[in-house]
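These are my notebook entries from a reading of one structure. I took the topics in turn and wrote down what I found under each.

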There are 2 protein chains.
Amino acid sequence: MTRALQELDEIDAVFSALAHASRRHILIVLNARGGRVSAGAIAARFSCSWPTTSRHLRVLLDAGLVRVERQGREWIYVLNVGRLNAVAGGWLNWFEAKEKTNVETDGGVRAVSAASG
Amino acid sequence: MTRALQELDEIDAVFSALAHASRRHILIVLNARGGRVSAGAIAARFSCSWPTTSRHLRVLLDAGLVRVERQGREWIYVLNVGRLNAVAGGWLNWFEAKEKTNVETDGGVRAVSAASG
DNA sequence: TCTTCATTTAGCAAATGTGCTAATTGTTGA
DNA sequence: TCAACAATTAGCACATTTGCTAAATGAAGA
């Protein structure tokens, strides 16, 4: 897979992960608690069942927005703010940057948005 | 509905709209073409059927990321970059801002992420 | 007015996502 | 080794999303 296609997959995974309110909530909670929280502490804050929260965590993990570390019998989830800002923020920057630099050509456009539709 | 809950609905609509690659692509195309493009010109760039693209446009419309104007027998879609940056960018800012301001309390956290899970 | 063009709406099938309960894995401490 | 604990994986039901084709809408020009 080329670098450009891999980037598109990353963008897709991140925005898909951000599409659900529970997962956005998990990231906010993680951030507010200093970026490191056990799965149990996260699950305790939600009204849905523990397995459901666990699956949301896995989606975030697959998108690279968190990583996980075993600590005794707990799993500690660690927020990856850098990736959130790089991937989601990076995509959003195409819109701010537009006034300054020339990204009018199709080539440039395809580089960040191809393989859809 | 309170102001805070309305904001949560806006965040939800915007991130749900951004969750599909075709819709992200539409926004990029719109941006590259100066922010104003007819539905036909957009549909012509996609491999999926015209009605399918039309529905993607409606999702973007409902999220407030575009508006639409009738011009003769064409529909012109107009990008709303301001809303994209305000809602999606605004949500992302909770993570950058974290190092500077204190948002540790649960009250603050709930204000931007409640009603999930 | 009638046809043509541009696009949307309707309606259906297939795929995907979400939530639950029950069962499993792996760790700790007696 | 065994019980208790922390969390995940498995498997199922329900809801939503996505894509298609066919039909409808509404403006423009002959």
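**Entry 1: the strand pair in chain B.** I began with one bridge, and I note at the outset that the model is predicted. Arg70(B) has Trp75(B) as its bridge partner in β3(B). I then looked up the pairing that holds this bridge. β2(B) and β3(B) run antiparallel to each other and are joined by six bridges.

**Entry 2: the sheet of chain B.** Next I asked in what order the three strands of chain B lie in their open sheet. The order is β1-β3-β2, and the pairing is antiparallel. β1 (36-38) and β2 (66-71) of chain B are the edge strands; each has a single partner strand, so one side of each has no neighbour in the sheet. On average, neighbouring strands of this sheet are turned by 30° against each other, with direction ignored.

**Entry 3: the helix across that sheet.** I looked for what lies against the strands of chain B. α2(B) lies across β1, β2 and β3 of chain B and runs at about 90° to β3(B). This helix covers residues 21-32, which is 12 residues. From its first C-alpha to its last it reaches 16 Å, close to the 16 Å expected at 1.5 Å a residue.

I then checked how much of α2(B) is covered. Of its 12 residues, 10 are buried, so the helix is largely enclosed by the rest of the structure. The buried residues of α2(B) include Arg23(B), Arg24(B) and His25(B). Ile26(B), Leu27(B), Ile28(B), Val29(B) and Leu30(B) are also buried, as are Asn31(B) and Ala32(B). After α2(B) comes Gly34(B), which has a positive phi near 90°.

**Entry 4: chain A in outline.** I turned to chain A and counted its elements. Chain A has six helices and three strands. Along the sequence they follow the pattern α-α-β-α-α-β-β-α-α. Of the 117 residues in chain A, 31% are buried. I also looked up how far apart in sequence the contacts of chain A reach. Among contacts between residues at least 6 apart in sequence, 57% join residues at least 24 apart.

**Entry 5: the sheet of chain A.** The three strands of chain A form an open sheet in the order β1-β3-β2, with antiparallel pairing. Its edges are β1 (36-38) and β2 (66-71) of chain A; each has a single partner strand, so one side of each is left without a neighbour in the sheet. Neighbouring strands here are turned by 30° against each other on average, direction ignored.

I followed β2(A) and β3(A) in detail. Six bridges join β2(A) and β3(A) in the antiparallel sense. Val66(A) is opposite Leu79(A) in β3(A), and Arg67(A) has Val78(A) as its bridge partner in β3(A). The two strands make a hairpin with two residues between them. Gly72(A), in the turn, has a positive phi of about 65°.

**Entry 6: helix α2 of chain A.** I asked how the span of α2(A), residues 21-32, compares with the value expected at 1.5 Å a residue. The 12 residues should span 16 Å, and the end C-alpha atoms are 16 Å apart, which agrees. α2(A) is mostly covered, with 10 of its 12 residues buried. Among them are Arg23(A), Arg24(A), His25(A) and Asn31(A). Just after α2(A), Gly34(A) has a positive phi of about 90°.

**Entry 7: around DNA strand D.** I looked up which residues surround DNA strand D, and there are 22. The closest are Gly40(A), Pro51(A) and Ser54(A) from chain A, with Ser49(B) and Pro51(B) from chain B. The elements giving two or more residues to this surface are α3 (39-44), α4 (50-62) and β3 (74-79) of chain A, along with α4 (50-62) of chain B. α4(A) gives the most, with six residues. By class, the surface near DNA strand D has eight nonpolar, nine polar and five charged residues.

**Entry 8: around DNA strand C.** My last search was around DNA strand C, which 21 residues surround. The closest are Ser49(A), Pro51(A), Gly40(B), Pro51(B) and Ser54(B). Two or more residues come from each of α4 of chain A and α3 (39-44), α4 and β3 (74-79) of chain B. α4(B) gives the largest share of the surface near DNA strand C, six residues. I sorted this surface by class as well: seven nonpolar, nine polar and five charged residues.

Methods. Residues are numbered from 1 along each chain as its sequence is written. Chains are lettered from A and ligands numbered from 1 in the order in which they are written. This is a predicted model: local features need pLDDT of at least 70, side-chain atom pairs count only at pLDDT 80 or more; totals for chains, interfaces and linings use all residues. A residue is near a molecule or strand if its C-beta atom, placed from the backbone, lies within 6 Å of it. Helices (H or I, at least four residues) and strands (E, at least two) are DSSP runs, numbered from the N terminus. Ala, Val, Leu, Ile, Met, Phe, Trp, Tyr, Cys and Pro count as nonpolar, Asp, Glu, Lys and Arg as charged, and the others, Gly among them, as polar. Two strands pair if DSSP finds at least two bridges between them. Axes are lines fitted to C-alpha atoms, for helices over the stretch in contact, and angles run from 0 to 180 degrees between N-to-C directions. A residue is buried if 20 or more other C-beta atoms lie within 10 Å of its own, exposed if 12 or fewer, and partly exposed in between; C-beta atoms are placed from the backbone. Two residues are in contact if their C-beta atoms, placed from the backbone, lie within 7 Å. The expected span of a helix is 1.5 Å times one less than its number of residues.
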